[in-house]
Amino acid sequence: MSLLEIRDVTCGYGHRMVIDSMSVTVDEGEGVSLLGHNGTGKSTLIRAISGVIPVKSGAILFEGKPVANLTPDALVKRGIVHVPAGRRVFPNMSVEHNLEAGAFTRTDRQEVWHDVEAMMERFPILGERRKSAAGLLSGGEQQVLAVARGLMARPKLLMVDEPSLGLSPTMVQFVFGILAELRKDGTSVMLAEQNVRKALAVTDRAYVLAQGRVIMDGPSESLLSSEAFREDYLGAKRGGSFGELVEEALGTQS
Amino acid sequence: MAYVIEQLINGLAVGSVYALIAVGYSMVYSILYLINFAHGDVITFGAFTALTMLVIGVPIPVALFLACVLGAALGMTVERIAYRPVRYANRIVPMISALGAGLVIASTAQAIWGPEVHAFPQVIPRWSFELFGQLIPFQPLIIIAIAVVLVTIATILLDYTRLGRATKCVCQDIHAAQLMGIPINTIVPLVYAIGGFLGVAGAVLYVTYFNAVYIQMGLLATFKAWSAAMLGGVGNFHGAFVGGLLLGIAEAFSVVVVGSAFKDGVSLVFIVLILLLKPDGLFGERTTARS
């Protein structure tokens with residue numbers, strides 16, 4: 001049984017549907033990427049799973065139970081945590097209170113502070129700045145904080161939306177290092193990314209989205225070696241600014 | 001000198017009343033970027049309810065407390081009916097909805113209590129005592145004390161309780177707060193409740209101090225409290241309080257300098273000056289510049 005099963009889900013904003021009858025699964029302990037350009041529905045799907053926008057039709061099963069259209073707080077309690085794009089840390093709160101906020105739904109208050117300490121040790125860049133306002137952190141530090149804040153809820157499934165957004169290449173490297181570590185620890189992760197290569201490196205499987213549909217899916221390695229995928233998403237032929245960037249990355253690696 | 005001290009005490013008293021009302025505006029604004037135009041009318045309604053209860057003989061503390069509770073309930077009702085359905089719409093929409101809600105409440109109050117100015121019973125006696133040869137009025141001091149106690153309680157609740165901290169999260173980023181599993185449809189009404197409670201407390205003290213309650217005071221309260229909230233930095237709980245005190249003192253001294261006819265204009269001058277010189281207010285929190 002899959003940890004998360006999305007069956008023929010259609011959803012969007014108001015009357016405008018962005019996701020058209022999409023099916024996606026994430027197994028226990030698995031890392032899954034949602035890939036695609038801007039506006040293909042990656043974030044929209046994640047928002048629907050976390051209950052921020054309504055699911056128009058179809059089913060979402062989590063641990064075998066239907067969870068579509070539950071409220072976000074009910075979903076967090078069940079173990080689905082969404083780390084939003086653009087980090088969205090609480091700017092005027094200290095790093096440690098941001099972490100505490102992530103554990104809002106937990107009732108074991110003692111354990112929560114124990115976990116805060118654990119996060120400080122695990123991510124020393126947070127430990128060094130624990131008393132400073134989160135808004136004063138650098139973009140990369142904020143992204144680490146956002147992921148750590150998500151982990152504070154002790155999620156069964158962590159959904160990370162566009163963690164590389166607006167970060168310097170060094171920070172992207174760092175943040176993906178953290179994601180790789182999480183994956184090693186067995187955390188189930190759903191990752192929406194435009195940085196295809198980085199995303200595939202830290203996940204087992206990927207879905208490629210275009211215009212609200214899954215146009216391709218499979219294990220990360222087989223996608224990387226697929227001719228069609230390379231052409232469209234690693235810019236082997238088509239170019240365009242996104243493609244060119246990846247091509248450049250490929251060029252330096254080969 | 002005696003006159004200056006007297007004006008200072010009066011200014012602080014009126015200022016702490018503005019502060020109580022401003023806190024409600026400031027918190028609501030920080031969550032939804034909505035100027036809650038109905039707030040002034042909610043608190044006017046609360047003040048009238050207190051008047052009626054006092055007239056029919058409800059003991060003073062009970063009447064005042066019940067009026068504040070009614071203010072909280074009314075604040076929550078307005079949120080549920082007028083704001084929640086348009087919460088994520090264009091900012092203009094909730095603002096119009098707020099104006100409408102304010103009109104409904106003000107008209108209802110007018111239908112019940114009439115358009116005339118009512119005298120408000122003295123719930124705090126107007127004694128005075130002598131200190132170092134200076135006659136100190138008793139009532140303003142009590143008003144200041146009540147305001148300080150209420151704001152202190154609210155501060156403690158916000159800083160040290162789980163729901164209070166959740167409220168701070170919602171004030172800073174409602175969408176992120178939602179993703180933390182914070183039930184925003186519990187927290188947002190709570191904020192309106194706190195605003196309504198403190199606002200009615202402020203309104204009752206205001207009408208006691210000026211010995212008059214009337215329908216249009218809602219609008220006046222809106223101007224003053226909004227000016228106080230802006231002065232302190234909108235979204236900043238303590239800033240709103242300090243802004244209220246400063247406005248009160250400025251008004252008191254404007255009576256000395258330019259005459260009482262211009263007193264009500266002071267808050268408007270403040271609004272213009274703040275917008276021109278320091279739009280974040282004196283204590284505006286802008287640590288978000290970096291992202």
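Tutor: Buried area is the accessible area, taken with a 1.4 Å probe, that two parts lose on being put together, summed over both. Please keep in mind that this is a predicted model.

Student: OK, so how much area is buried between chain B and chain A, and what share do carbon and sulfur atoms give?

Tutor: About 2,400 Å² is buried between chain B and chain A, and carbon and sulfur atoms account for 60% of that area. As for the residues that take part in the contact, 28 come from chain A and 22 from chain B.

Student: How many salt bridges are there between the two chains?

Tutor: The count between chain B and chain A is 2 salt bridges. In a salt bridge with an N to O distance of 2.7 Å, the side chain of Arg88(A) meets that of Asp173(B). There are also 5 residue pairs in polar contact across this interface, counted where both residues have pLDDT of 80 or more.

Student: Which helix of chain B gives the most to the side that touches chain A?

Tutor: That is helix 6 of chain B, with 7 residues. Helix 6 spans 162-172 and helix 7 spans 174-179, and each of them supplies at least two residues to that side of chain B. By residue type, the side of chain B that touches chain A divides into 9 nonpolar, 7 polar and 6 charged residues.

Student: Switching to helix 8 of chain B, is it mostly covered or mostly uncovered?

Tutor: Helix 8 of chain B is mostly covered, with 21 of its 27 residues buried. Running over residues 184-210, helix 8 reaches 38 Å from its first C-alpha to its last, which is close to the 39 Å expected at 1.5 Å a residue.

Student: And what follows helix 8?

Tutor: Helix 8 of chain B is followed by Asn211(B), which has a positive phi, near 60°.

How values were computed. Residues are numbered from 1 along each chain as its sequence is written. Chains are lettered from A and ligands numbered from 1 in the order in which they are written. This is a predicted model: local features need pLDDT of at least 70, side-chain atom pairs count only at pLDDT 80 or more; totals for chains, interfaces and linings use all residues. Side-chain values use heavy atoms; hydrogens and water are left out. Contact means heavy atoms within 4.5 Å. A salt bridge is a side-chain nitrogen of Lys or Arg within 4 Å of a carboxyl oxygen of Asp or Glu. A polar contact is a pair of N or O atoms within 3.5 Å; within protein, one must be able to donate a hydrogen and the other to accept it, and residues adjacent in sequence count only if both atoms are side-chain atoms. Helices (H or I, at least four residues) and strands (E, at least two) are DSSP runs, numbered from the N terminus. Ala, Val, Leu, Ile, Met, Phe, Trp, Tyr, Cys and Pro count as nonpolar, Asp, Glu, Lys and Arg as charged, and the others, Gly among them, as polar. The expected span of a helix is 1.5 Å times one less than its number of residues. Buried means under 20% relative accessible area, exposed over 50%, partly exposed in between (1.4 Å probe, protein chains only).
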